[in-house]
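Reader: I am in my first year and would like a close look at one part of this model. Please take the metal site and go outward from there, in plain words.

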Amino acid sequence: MSAIADDLLLFPAPAPATVAVVGESRRLPVNRIFCVGRNYADHAKEMGVEVDREAPFYFLKAASAIVPTGATVAYPPGTSNYHHEMELVVAIGAPAWGVAAEQAMDAVLGYACGLDMTRRDLQLDARAKGRPWDLGKNFEQSAIIAPILPKAQLGALGPQRIWLAVDGVTRQDAHLSDLVWSVPELVSHLSHYYHLRPGDLIYTGTPAGVGPVVAGNVVTGGIDGLPDIRLAIAAAEAM
Ligand code: MN
């Protein structure tokens with residue numbers, strides 16, 4: 001965060017994106033949003049690709065893409081195949097740099113339900129052309145998040161069910177034990193490429209069952225023990 005006085009800025013700096021924390025009146029300011037690709041084998045299969053067992057891979061979203069649960073967002077521009085991806089989000093609460101998996105959980109503040117909303121047609125077009133995924137993944141209002149639960153209140157990850165429904169019809173249904181790369185493995189791996197710091201979020205990938213949503217749909221999702229997530233889709237904005 002800049003300590004430069006407002007009158008030295010050309011225009012007012014935007015307010016930082018923040019996320020609620022259960023049991024805490026203060027909010028988590030978001031630094032970076034890392035998203036893991038292909039972290040459930042069944043989802044990789046439905047996307048026509050295989051999980052890379054050598055190493056996880058990532059894309060990023062701008063912190064400004066954060067939207068709180070309960071919001072209504074407009075159907076985004078440039079797509080005709082806007083998809084839901086239900087995900088476990090890991091919130092980093094302490095610095096981590098080159099840490100082993102055995103120490104990685106020391107950097108984790110807690111967990112939240114998240115939606116990695118995706119312009120699937122643009123993502124797949126970029127993938128086919130060997131181009132970056134930004135148009136398909138890193139767009140406005142594409143990172144939905146519910147309040148963060150401190151990790152001690154959830155306990156060990158694994159048995160929790162992760163699910164998503166559209167208008168009450170279940171589309172995604174799996175368990176956190178299906179994650180290919182575990183949370184400690186992801187935090188450790190990322191910390192060898194970035195100085196992880198408080199406010200970094202990791203969207204850990206989605207299970208099988210991704211699919212399109214349209215204006216008028218209401219998306220709901222949950223992970224056992226965490227606050228649920230909800231997103232309503234409104235009509236596209238006029239240009
Ligand atoms: Mn995803």
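Author: What follows starts at the metal site, moves to a neighbouring threonine, and ends with the aromatic rings. The model is predicted.

The metal is a manganese ion, and its donors come from Glu85, Glu87 and Asp116, at 2.0 to 2.1 Å. The two glutamates bind through OE and the aspartate through OD. Along the chain these donors have the spacing E-x1-E-x28-D. Are the two glutamates buried or exposed? Glu85 has a relative accessibility of 4%, so Glu85 counts as buried, the cut-off being under 20%. Glu87 is buried as well, with a relative accessible area of 1%.

Both glutamates are in contact with Thr206. This threonine lies in a loop, between β15 (201–203) and β16 (211–212). With 2% relative accessibility, Thr206 is also buried. What does its side chain reach? The side chain of Thr206 comes to 2.8 Å from the backbone oxygen of Met86. It also makes a polar contact of 2.8 Å with the side chain of Gln172. Apart from neighbours within four places in sequence, the residues in contact with Thr206 include Tyr40 and His43.

Now to the rings. The structure has five aromatic pairs. One of them joins Phe59 and Trp133, with 5.7 Å from centre to centre and 45° between the planes, which makes the pair tilted. Phe59 belongs to strand β4 (residues 57–61), while Trp133 is in the loop between α3 (120–129) and α4 (134–137), so the pair ties together parts that lie 74 residues apart in sequence. Phe59 is buried at 10% relative accessible area, and Trp133 is buried at 17%. Another pair is formed by Tyr82 and Phe139: the ring centres are 6.4 Å apart and the planes stand at 65°, so the pair is edge-to-face. This pair, too, links distant parts of the chain, with Tyr82 in strand β7 (residues 82–84) and Phe139 in the loop between α4 and β11 (143–145), 57 residues apart. Tyr82 and Phe139 are both buried. Ring pairs also link Phe57 with Phe59 and Trp133 in a cluster.

Phe139 has charged company besides its ring partner. The charged end of Lys61 sits over the Phe139 ring, 5.7 Å from the centre. Arg119 lies over the face of Phe139, at 4.3 Å from the ring centre.

Conventions
Residues are numbered from 1 along each chain as its sequence is written. This is a predicted model: local features need pLDDT of at least 70, side-chain atom pairs count only at pLDDT 80 or more; totals for chains, interfaces and linings use all residues. Side-chain values use heavy atoms; hydrogens and water are left out. Donors are N, O and S atoms within 2.8 Å of the metal (3.2 Å for Na, K and Ca); water is not among the atoms, so sites may look incomplete. Buried means under 20% relative accessible area, exposed over 50%, partly exposed in between (1.4 Å probe, protein chains only). Helices (H or I, at least four residues) and strands (E, at least two) are DSSP runs, numbered from the N terminus. A polar contact is a pair of N or O atoms within 3.5 Å; within protein, one must be able to donate a hydrogen and the other to accept it, and residues adjacent in sequence count only if both atoms are side-chain atoms. Contact means heavy atoms within 4.5 Å. Rings of Phe, Tyr and Trp (its six-membered ring) pair if their centres lie within 6.5 Å; planes under 30 degrees apart count as stacked, over 60 as edge-to-face and the rest as tilted. A charge sits over a ring if NZ of Lys or CZ of Arg is within 6 Å of the ring centre and within 35 degrees of the ring normal.
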